[in-house]
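Student: I am new to this structure. Please pick one part, look at it closely, and then work outwards from there.

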Amino acid sequence: MSEEMPGTLPVVDVSSLAGKPPRRWVEPQASRATVIVPGDLLIAGLGDYSYATVAQRPGVADPHVFVLRLLDQAQGPALAHYLNGREGQATRRILLHGSTVPSVKRADIERFPIPREALDYDGDAEPDVALAEQLEQVLWTS
């Protein structure tokens with residue numbers, strides 16, 4: 001439906017997360033979509049921006065909106081803030097576009113999360129040998 005009727009809920013899509021008014025309404029029981037309750041964390045599943053926000057009113061999620069029902073709803077605003085920030089956006093961009101990164105900035109490397117156990121490595125630095133040369137050595141010395 002393109003206008004609100006009694007017993008219907010707004011469909012929350014990516015444009016709604018960006019602040020635009022709802023364009024559709026559905027009866028929640030007639031829809032297989034996820035019903036949103038206040039306090040749910042809503043995240044855009046497509047596009048370049050996460051538009052993460054905490055639901056303030058009931059609604060029905062569009063298939064391109066992820067609904068996370070948090071165990072501790074008090075963490076919702078902090079999570080939305082992180083996801084909308086630079087680090088959250090950078091991680092999301094990698095997940096959206098795959099592991100191919102056309103270019104990396106020094107600031108991206110400086111913020112790169114490195115697991116604590118990686119710092120326990122006690123070996124030597126890896127040799128600076130091109131992969132093609134390593135393969136050549138393996139093939140001819142075996």
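Tutor: Start with Arg69. If its neighbours within four places in sequence are left aside, Arg69 is in contact with Val35, Ile36, Val37 and Asp40. The model is a predicted one, and the contacts should be read with that in mind. Arg69 itself sits in the loop between β7 and α2. In sequence, 32 residues separate Arg69 from Val37, yet their C-alpha atoms are 8.5 Å apart in space.

Two of the contacts of Arg69, Val35 and Ile36, bring us to β3, which covers residues 35-36. This strand belongs to an open sheet of 4 strands, arranged in the order β2-β1-β6-β3 with mixed pairing. Both β2 (25-26) and β3 are edge strands with a single partner strand each, so each has one side left without a neighbour in the sheet.

Strands in a sheet are held to one another by backbone hydrogen bonds, and may pair parallel or antiparallel. Both senses can be followed from β1. With β6 (residues 59-61), β1 pairs in the parallel sense over 2 bridges. Val11 has Val60 as its bridge partner in β6, and Val12 stands opposite Ala61 of that strand. With β2, β1 pairs in the antiparallel sense, again over 2 bridges; here Trp25 in β2 is the bridge partner of Pro10.

The loops around this region also hold a charged pair. Side chains of opposite charge can pair when their charged atoms come close. Among the 3 salt bridges of the structure is one between Asp13 and Arg23, whose closest N and O atoms are 2.6 Å apart. Asp13 lies in the loop between β1 and α1, and Arg23 in the loop between α1 and β2, 10 residues away along the chain.

Now return to the loop of Arg69, which is between β7 and α2, and follow the elements on either side. β7 (65-68) is an edge strand, as is β5, and each pairs on one side only. They belong to an open sheet of 3 strands in the order β5-β4-β7, and the pairing is antiparallel. Strand β4 (residues 41-44) is joined to β7 by 4 bridges, with Ala44 standing opposite Val65 of β7. On the other side of the loop, helix α2 (residues 76-84) lies across β4 and β5 and runs at about 15° to β4.

The last stop is the second largest pocket, which holds about 310 Å³ of space. Its lining consists of 17 residues, and those nearest its centre are Val12, Ser16, Leu42, Gln56 and Arg57. Two or more lining residues come from each of β1 (9-12), α1 (14-17) and β5 (53-54). By type, the lining divides into 10 nonpolar, 5 polar and 2 charged residues. Val12 thus appears a second time: it stands opposite Ala61 in β6, and it is also one of the residues nearest the centre of the second largest pocket.

Note on methods: Residues are numbered from 1 along each chain as its sequence is written. This is a predicted model: local features need pLDDT of at least 70, side-chain atom pairs count only at pLDDT 80 or more; totals for chains, interfaces and linings use all residues. Side-chain values use heavy atoms; hydrogens and water are left out. On a 1 Å grid over the protein atoms alone, a cavity is a set of points where a 1.4 Å probe fits but cannot get out, and a pocket is an open set with protein on both sides within 12 Å along at least five of seven lines; lining residues have an atom within 4 Å of a point. Grid points are joined across faces, edges and corners, and a volume is the space filled by probe spheres set on the points. Ala, Val, Leu, Ile, Met, Phe, Trp, Tyr, Cys and Pro count as nonpolar, Asp, Glu, Lys and Arg as charged, and the others, Gly among them, as polar. Two strands pair if DSSP finds at least two bridges between them. Contact means heavy atoms within 4.5 Å. Axes are lines fitted to C-alpha atoms, for helices over the stretch in contact, and angles run from 0 to 180 degrees between N-to-C directions. A salt bridge is a side-chain nitrogen of Lys or Arg within 4 Å of a carboxyl oxygen of Asp or Glu.
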